[in-house]
Amino acid sequence: MGNSDFCVTLTSAGDHKFSVIRAVRFLLGSGLKDAKDLVDAAPTPLLEEASVEEAVWAEMIIEAAGGRVEVTPRPPGMYYQHLRNMVKQLIAIGISAATAEASDARLKADIAKTAIE
C-alpha cells in the first residue's frame, strides 16, 4: 500500500449538517454551494488518492464538525492511531494556547494545521 492510496468518503452529516458543510468547505477549499452539494449527496468521496496523513486529517475535521467518514482501505492500526493521537494533542495544545472555544471545528482545524506545519 502506497502513501497515497486512501479514499475519504463522507458517510453522514448526522444532525450537524451546517457544521459539516463548513468543515467540507475548509477541507476542500470549495464554495458554499459545492460543499452543500457534496454533503447532500452523502455518501460521497471527499478525497481520493490521499496520503494516510491527509486521510487522518480529513477524518478528524469532519468528526469534529459532527459528521462521519469512512477511510478506505483502513490505514494500519498502530500508525493510524498514533497519527490521530498526535493530531488530537496538537489541537489541544493549540486551543489551550489560543484560549479558543473547543466547539469551533474550523478553528480547531486551523490551529492544528498551523501547529503541524
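## Strand β1 and its partners

In this predicted model, valine 8 has leucine 47 of β2 as its bridge partner. That bridge belongs to an antiparallel pairing: β1 and β2 are joined over 4 bridges. Strands of a sheet pair through backbone hydrogen bonds, in either a parallel or an antiparallel arrangement.

Strand β1 covers residues 6–12 and also pairs with β3. Here the sense is again antiparallel, over 5 bridges. Serine 12 sits opposite arginine 68 of β3.

## The sheet

The 3 strands make an open sheet, ordered β2-β1-β3, with antiparallel pairing. β2 (44–50) and β3 are the edge strands, each pairing on one side only. From one strand to the next, the twist averages 20 degrees.

Which residues of β3 are buried? Val69 and Val71 are, and they point to one face. Arg68, Glu70 and Thr72 point to the other face and are not buried. In a regular strand, side chains alternate between the two faces of the sheet. Strand β3, residues 68–72, shows this alternation. Arg68, the residue opposite serine 12, is on the face that is not buried.

## Helix α3

Helix α3 runs from residue 52 to residue 65. Its 14 residues should span 20 Å at 1.5 Å a residue, and the end C-alpha atoms are 20 Å apart, so the two values agree. Glycine 66 follows α3. Its phi is positive, near 105 degrees.

How much of α3 is buried? The count is 10 of 14 residues, so the helix is largely enclosed by the rest of the structure. Buried residues include Val52, Ala55, Val56, Glu59 and Met60. Trp57, Ala58, Ile61, Ile62 and Ala65 are buried as well.

α3 lies across β1, β2 and β3. Relative to β2, α3 runs at about 155 degrees.

## Packing of α1 on α3

Helix α1 (residues 17–28) packs against α3 at an angle of about 155 degrees. Their axes are 8 Å apart. An angle over 145 degrees counts as roughly antiparallel, and α1 and α3 are therefore roughly antiparallel to each other. Their crossing is right-handed.

Which residues of α3 meet α1? They are Trp57, Ala58, Ile61, Ile62 and Ala65. On the α1 side, the contacts come from Ser19, Val20, Ala23, Val24, Phe26 and Leu27. An α-helix has 3.6 residues a turn, so residues three or four places apart point the same way.

Conventions. Residues numbered from 1 in each chain as written. Predicted model: local features only at pLDDT ≥ 70, side-chain atom pairs only at ≥ 80, totals over all residues. Heavy atoms only, no water. Helix = DSSP H or I, 4+ residues; strand = E, 2+ residues; numbered from the N terminus. Expected span 1.5 Å × (residues − 1). Buried < 20%, exposed > 50% of the residue type's maximum accessible area, 1.4 Å probe, protein only. Pairing = 2+ DSSP bridges. Axes fitted to C-alpha atoms, helices over the stretch in contact; angles between N-to-C directions. Parallel < 35°, antiparallel > 145°, perpendicular 65-115°, else oblique. Left-handed = near helix turned anticlockwise from the far one by under 90°. Contact = heavy atoms within 4.5 Å.
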